There are 2 protein chains.
Amino acid sequence: MSDTRAIGIFDSGVGGMTVVHEVFKKLPREDVVYFGDTARVPYGTKSPRVVQLFALQDVCFLLKQNVKVLVAACHTVSSVALEPLIQHFHLPILGVVEPGINAALKATRNNRIGVIGTRATILSETYEKKLKEKREGVTVISQPCPLFVPFAEEGWIEGEVITKVARTYLGPLQRQKIDTLILGCTHYPLLKSVIQHVVGEGVTIVDSAEEIASLLKTRLKVLGMENTEERTPHHQFFVSDIPHQFKEVGERFLGKPLTSVTRVDLESIQLENEEEMCRFSCGFR
Amino acid sequence: MSDTRAIGIFDSGVGGMTVVHEVFKKLPREDVVYFGDTARVPYGTKSPRVVQLFALQDVCFLLKQNVKVLVAACHTVSSVALEPLIQHFHLPILGVVEPGINAALKATRNNRIGVIGTRATILSETYEKKLKEKREGVTVISQPCPLFVPFAEEGWIEGEVITKVARTYLGPLQRQKIDTLILGCTHYPLLKSVIQHVVGEGVTIVDSAEEIASLLKTRLKVLGMENTEERTPHHQFFVSDIPHQFKEVGERFLGKPLTSVTRVDLESIQLENEEEMCRFSCGFR
């Protein structure tokens, strides 16, 4: 049996397009429905409670698009909201934290792993806890890099200023002699070359976008949910706002032209009625 | 008659605290109710339509607090959403654009005025149009400075990196020989010293927070809406999210300790019923 339903991917904004890009490469037959909450981006500076509420609304929108599996392309959502989402919904929901952790544990030789991300992701300590759960004795050095997101969105991804910002943030990780660095934010792959330059060639950089696409491929196979039909896939992109520069930023993230994007009214993302909202969200309060 | 009702001040986040700070100084007897939409900050990178919708919800929340006058402390709201708000509500609504413009026209000697702000504010061309309406022959040079907001929020307000960022943004304004510069974003007063350093002492910097407080004082007097009772004022601060670092950032903006802050559920900011929402928002679509 071939499952022709789409893969649902969501993010706080356009950053998740880096994940879409990898899914297109590794799963070329699958349809993708993307939702980016561009009206409320960024999530990484907000509290867990608000991120959980927003993630719930994002998921509800994608469920109405009849998706077979959900991918939280946002590290902040994956860090602070994934567990309650998995508990409340019956379809498979994958986050970007787990595959990055597995890749980092495979790559490290000295068991000293660095993690960079938004303030919300780092303060949640999700990466640190999960790395230590999987391997006792691993040393995790975490660093929030809040200015990386606006720099990536503005396209200031090379040159003196971003290099100095990167040196400020990454200096402490270098001094702790990490040999592996997890990019714990969907925006950071855009800054990969400046990050690699600053930490040096001896450090392996783990790009979670590549890892989640591989995991998704395996999972669909195991669950018998692949689309095996030969056909041209149909992709849909939804966002909660189409601001100035959206096309430019979106294409920078996706790595190819962005043709059709539909704006969704924030109000329509609400659940159908208050009772339903309450039932789904009780686990979040 | 003394009007003891509070002044309502709203902003996309904590930036509007710079306005609250000036209102405390110039109107020490007045109560203030503040609302900061910290769950959806920033507004300056979003489309006019979404900013208008969010501003409508902010205003509706403050109206329920029985305020006598509203101040949009956010330049993005003042640039793209003030007119429809004024048309739809019956109480006085003041924005931060007008008083900044008046101060700049008073200050300039060569009629060459610079304006810096978020991308949404600058692309709206509100400052440029209004300056030219008030004085033919004035030359306006505008520059969006999108990285200034995250730098101000992160507290990177001095040193080599922010100075380089400021030089990149402000260089074109200097080459155009402006003698007056309007800080068209509530966050920018925090960067005033680095901005002054980069543009030079010969350029007069207009801080709209000071100007709006003076205008508000005059307006309340003219309308007979001052509070003339001798008493200790009672202030209330509401936000849609209380993220990590909120207290630190809020106090940096307010310039004094931030005691009590109440988080408001985003859902409760909605208007009471759909019909009401529709009626108010029809002018925004």
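Which residue of chain A comes closest to the rotation axis? It's Arg40(A), whose C-alpha sits at 2.4 Å from that axis. Keep in mind throughout that this is a predicted model.

**The pair and its axis**

A turn of 180 degrees with a shift of 0.0 Å along the axis lays chain A on chain B, and the RMSD is 0.0 Å. That is how a two-fold axis relates its copies.

As for the contact itself, 20 residues of chain A meet 20 residues of chain B. On the chain A side, helix H6 (119-124), helix H8 (148-154) and helix H9 (160-175) each put in at least two residues. H9(A) gives the most, with four residues. By type, the side of chain A that touches chain B holds 10 nonpolar, three polar and seven charged residues. And 100% of the interface residues of chain A are also interface residues in chain B, so the copies meet through the same surface.

**One chain at a time**

Chain A is built from 13 helices and 10 strands. Its radius of gyration is 18 Å, close to the 19 Å that the globule rule gives for 285 residues, so chain A is as compact as a globular protein of that length. Laid along its principal axes, the C-alpha trace of chain A spans about 50 × 45 × 45 Å. Of the 285 residues in chain A, 49% are buried. If you take the contacts in chain A between residues at least 6 apart in sequence, 78% of them join residues at least 24 apart.

**Two domains, face to face**

The domain assignment splits chain A into domain 1 (6-95 + 210-284) and domain 2 (98-208). Their C-alpha centres lie 23 Å apart. Where they touch, 26 residues of domain 1 of chain A are in contact with 24 residues of domain 2 of chain A. The domain 1 side draws two or more residues from each of helix H1 (17-26), helix H2 (48-63), helix H3 (75-80), helix H11 (208-222) and helix H12 (246-254) of chain A. H11(A) is the top contributor there, with five residues. That side of domain 1 of chain A divides into 11 nonpolar, 10 polar and five charged residues.

**Inside domain 2: helix H10 and strand E8**

Which residues of helix H10 (residues 192-199) of chain A are buried? They are Val194(A), Ile195(A), Val198(A) and Val199(A). Because they cover an arc of only 120 degrees around the axis, they sit on the same side of H10(A). A general point about helices fits here: an α-helix has 3.6 residues a turn, so residues three or four places apart point the same way. The buried residues of H10(A) pack against H9, strand E7 (180-184) and strand E8 (204-207) of chain A. Just after H10(A) comes Gly200(A), with a positive phi of about 95 degrees.

Over in chain B, strand E8 (residues 204-207) holds Val206(B). Is Val206(B) buried or exposed? Val206(B) has 24 other C-beta atoms within 10 Å, and 20 or more is the mark for buried, so it counts as buried. Beyond its neighbours within four places in sequence, Val206(B) is in contact with several residues, including Gly100(B), Ala103(B), Ala104(B) and Ala107(B). Thr180(B), Leu181(B), Ile182(B), Leu183(B) and Glu211(B) are also on the contact list of Val206(B).

**Backbone oddities**

First, the general background: most residues other than glycine have a negative phi, and most peptide bonds are trans. Here are the spots that go the other way.

| Site | Backbone value | Place |
|---|---|---|
| Val41(A)–Pro42(A) | cis, omega about -5 degrees | Pro42(A): loop between strand E2 (32-36) and H2 of chain A |
| Val41(B)–Pro42(B) | cis, omega about -5 degrees | Pro42(B): loop between strand E2 (32-36) and helix H2 (48-63) of chain B |
| Asn111(B) | phi near 60 degrees | loop between helix H5 (97-107) and strand E5 (112-117) of chain B |
| Glu125(B) | phi near 60 degrees | loop between helix H6 (119-124) and helix H7 (126-134) of chain B |

What about the surroundings of the two positive-phi residues? Asn111(B) is partly exposed, with 16 other C-beta atoms within 10 Å. Glu125(B) is partly exposed too, with 14 other C-beta atoms within 10 Å.

How values were computed
Residues numbered from 1 in each chain as written. Chains lettered and ligands numbered in written order. Predicted model: local features only at pLDDT ≥ 70, side-chain atom pairs only at ≥ 80, totals over all residues. Contact = placed C-beta atoms within 7 Å. Nonpolar A, V, L, I, M, F, W, Y, C, P; charged D, E, K, R; others polar. Rg over C-alpha atoms; globule rule 2.2 N^0.38 Å. Buried ≥ 20, exposed ≤ 12 C-beta atoms within 10 Å, placed from the backbone. Arc of directions from axis to C-beta. Domains from an automatic or database assignment. Least-squares fit on C-alpha atoms with pLDDT ≥ 70 in both.
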